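Hi,

Here is the structure I promised to send over. Have a look at it first, and then read on for my notes on what turned up in it.

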Amino acid sequence: MSDESAEISGSPEWLALNESSGRFDDLALRRLFTDNPGRATAMTTTVGDLVIDWSKHRVDPDTMSQLFALGHRAGLRERTTQMVTGQRINTTESRPVLHTALRAPAGTVIEVDGHDVVPDVHAELRRMEAFADRVRDGDWTGQTGRPIHTVVNIGIGGSDLGPVMAYEALAGFRHDRVRCRFVSNVDGSDLAAAVGDLEPATTLFVISSKTFTTLETLTNARSARAWIVGQLGEDAVAKHFVAVSTNAEQVAAFGIDTTNMFGFWDWVGGRYSVDSAIGLTLMLAIGPDAFSEFLGGFRIVDEHLVSQPLETNAPVILGLIEVWYRTFCDLPTRAVLPYNRHLHRFPAYLQQLDMESNGKQVRLDGTPVDYETGPIIWGEPGTNGQHSFHQLLHQGTTVVPTDFIVFGWPDTTDSEFPGISAHHDLLVANCFAQSEALAFGRTAEEVAVDESDPQLVAHRTFPGNRPSTTIMAPRLTPSVLGQLIALYEHQVLTQGVVWGVNSFDQWGVELGKVLATAIIPELAPEAAPLGNHDESTNALISRYRAMRGRS
Ligand code: F6P
């Protein structure tokens with residue numbers, strides 16, 4: 001990153017954007033479209049199978065020039081090169097950030113400390129594939145000789161959200177026999193619900209944890225282990241548990257033979273790891289070929305990221321527009337609304353990707369930012385949201401930039417359910433109508449044509465001018481899912497570079513973990529004396545103890 005970035009908020013590019021931020025109030029989107037025929041064509045960018053219409057944003061060519069200038073000023077090009085070539089841009093953990101190496105084609109050379117990591121990536125993929133084939137073919141059997149029917153992935157955060165999101169998204173590509181379940185929460189109901197109706201003899205646990213020290217995952221893994229051992233004996237662990245981790249020592253200490261461990265590297269962040277061995281459960285479900293297509297999808301967007309100038313670079317454009325809204329227009333949240341039921345975990349996945357990456361208050365050098373950074377990401381699949389929170393999107397006092405994601409073809413065909421494909425036009429029409437209504441609204445004059453009661457005119461008026469992106473692809477395939485994820489990964493990168501924060505650490509989750517560790521013994525039946533908490537926390541602990549008869 002250029003030296004100037006530390007002073008980014010004092011740069012001429014920043015100040016110019018500050019001055020521009022009031023230019024798009026009122027009916028700006030109506031005006032922008034009326035004044036500029038061809039705007040939608042000019043502001044639609046294609047990458048791979050993704051067609052991204054960003055014309056319904058409160059920007060014009062001048063704003064975009066200012067944003068691109070800011071991207072150049074922030075050193076976006078240089079930072080991207082540093083990332084993909086393995087430089088230690090995660091400075092607070094002194095690590096490279098190389099999720100792009102996980103999908104690099106064989107033969108690419110990406111060195112970390114003089115060692116080419118690409119052959120390691122491909123060797124691990126081959127091990128995963130061999131294992132997945134054995135499980136899927138019924139050749140890997142449990143302790144009693146029966147094939148595996150259920151894979152239970154135990155992990156949390158990046159070791160859960162990516163695999164479960166992709167498993168749900170690619171429902172149509174799953175193996176007929178091998179189904180998967182996902183356990184993340186330390187709430188015992190999560191594990192109990194996932195395994196309660198399973199047969200131990202046909203169940204395989206994949207314990208996924210980059211560090212293999214995470215409280216939730218290890219607690220669930222220990223309980224799962226006890227369940228298997230209780231039913232099938234100690235020797236069954238080797239047949240019913242595999243691990244995915246970077247920490248072979250802890251995996252062995254837990255009691256999983258490291259020959260049954262699939263590895264990755266400290267240069268893969270948890271939230272950027274679905275395409276590493278953390279994707280093992282997904283590969284077990286969709287098979288090595290579809291997993292390879294999934295990786296190919298990421299690669300299409302990676303190549304676009306490094307080859308396209310900022311001005312035609314899809315993730316850069318989306319990232320800069322987010323910076324515009326969050327920092328200059330003071331819009332705190334962004335909704336992600338997939339009009340596809342199979343993407344129902346995609347907003348949750350993006351929450352971690354974006355909010356854990358850019359929810360930061362200091363710059364790389366530790367100095368506080370004097371501007372707003374990461375947005376709050378949230379969302380639900382359409383059309384459900386239209387009948388719950390869209391009221392606020394259309395007429396609330398907060399403007400929420402929105403991402404719509406929609407596909408040309410339905411996932412479910414008439415051969416699966418007679419006549420079902422007719423639903424798809426309705427789904428898509430609703431998606432398009434939402435972005436149209438948000439952008440262009442309905443003025444009081446337009447409402448008054450049919451409504452004579454002035455009070456009702458006010459209630460029925462839509463302010464419009466509410467921005468959105470619409471991302472379309474023909475179908476939700478493994479490749480398209482990879483493309484979508486990479487698009488958002490690089491959008492997050494863009495935002496973080498402009499804000500000058502470290503998008504690849506997550507110190508903000510540490511304090512809660514430390515305090516929970518202190519509180520755990522204070523809740524136990526034979527409690528340690530109350531710790532040095534505040535009055536409220538002490539009262540909460542005492543109340544809990546009383547409820548449990550542990551006073
Ligand atoms: O607590 C946050 C976090 O560290 C995430 O960044 C990570 O994805 C998750 O916990 C799980 O960590 P692990 O894979 O090491 O169990």
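**Pockets and cavities**

Sorted by class, the residues lining the largest pocket are twelve nonpolar, 18 polar and nine charged. Before you go further, please keep in mind that this is a predicted model. The largest pocket holds about 1,000 Å³ of space. Its lining is made up of 39 residues, and the closest to the centre are Thr211, Thr214, Val509, Glu510 and Lys513. Three elements give two or more residues to this lining: α9 (215-232), α14 (346-358) and α20 (510-523). Which of them gives the most? That is α20, with seven residues. In terms of domains, domain 2 (112-289) and domain 3 (510-547) each supply at least three residues to the lining of the largest pocket.

The second largest pocket has a volume of about 530 Å³. It is lined by 21 residues, and Asn340, Arg341, Gly382, His423 and Leu427 are the closest to its centre. Helix α16 (residues 422-440) gives the most here, with five residues. The class count for this second lining is seven nonpolar, eleven polar and three charged residues.

There is enclosed space as well. How many cavities of 30 Å³ or more does the structure hold? It holds four, and the largest cavity has a volume of about 80 Å³. The residues around the largest cavity are His57, Leu318, Ile321, Glu322, Tyr325, Arg334, Asp403, Thr469 and Gln491. Helix α13 gives the most to that lining, with four residues. By class, the lining of the largest cavity splits into three nonpolar, three polar and three charged residues.

**Domains**

The protein is divided into domain 1 (3-73 + 308-499), domain 2 (112-289) and domain 3 (510-547). The centres of domain 1 and domain 2, taken over C-alpha atoms, are separated by 35 Å. In the contact between these two, 19 residues come from domain 1 and 15 residues from domain 2.

**The six-stranded sheet**

One open sheet has six strands in the order β1-β2-β13-β12-β10-β11, and its pairing is mixed. β1 (44-47) and β11 (376-378) stand at the edges with a single partner strand each, so one side of each has no neighbour in the sheet. On average, neighbouring strands of this sheet are turned by 15° against each other, direction ignored.

Within this sheet, β12 (residues 402-407) and β13 (residues 468-473) run parallel and are joined by six bridges. If you want a spot to click on, Ile405 stands opposite Ile471 in β13. Helix α13 (residues 314-328), which you met at the largest cavity, lies across β1, β2 (50-53), β10 (333-338) and β13, and runs at about 135° to β1.

**The five-stranded sheet**

A second open sheet has five strands, ordered β6-β5-β7-β8-β9, with parallel pairing. Why do β6 (179-183) and β9 (261-263) each have one side without a neighbour in the sheet? Both stand at the edges, each with a single partner strand, so one side of each is left free of a neighbour there. From one strand to the next, the twist averages 20°.

Five bridges join β5 (residues 150-154) to β7 (residues 203-208), and the two run parallel. Val152 stands opposite Phe205 in β7. Helix α12 (residues 280-307) packs on this sheet, where it touches β5, β6, β7, β8 (241-245) and β9. The direction of α12 makes about 140° with that of β7.

**Two backbone details**

Most residues other than glycine have a negative phi, and most peptide bonds are trans. With that in mind, here are two places to look at.

The peptide bond from Gly382 to Thr383 is cis, with omega near 10°. Thr383 sits in the loop between β11 and α15 (390-395), while Gly382 is among the residues closest to the centre of the second largest pocket.

The other place is Phe212, a residue other than glycine with a positive phi, near 55°. Phe212 lies in the loop between β7 and α9. Helix α9 is one of the elements that give two or more residues to the lining of the largest pocket.

Happy browsing, and write back with any questions!

Definitions and conventions: Residues numbered from 1 in each chain as written. Predicted model: local features only at pLDDT ≥ 70, side-chain atom pairs only at ≥ 80, totals over all residues. Heavy atoms only, no water. Pairing = 2+ DSSP bridges. Axes fitted to C-alpha atoms, helices over the stretch in contact; angles between N-to-C directions. Contact = heavy atoms within 4.5 Å. 1 Å grid on protein atoms, 1.4 Å probe; cavity = no way out; pocket = protein on both sides within 12 Å on 5 of 7 lines; lining within 4 Å. Points joined across faces, edges and corners; volume = space filled by probe spheres on them. Nonpolar A, V, L, I, M, F, W, Y, C, P; charged D, E, K, R; others polar. Domains from an automatic or database assignment.
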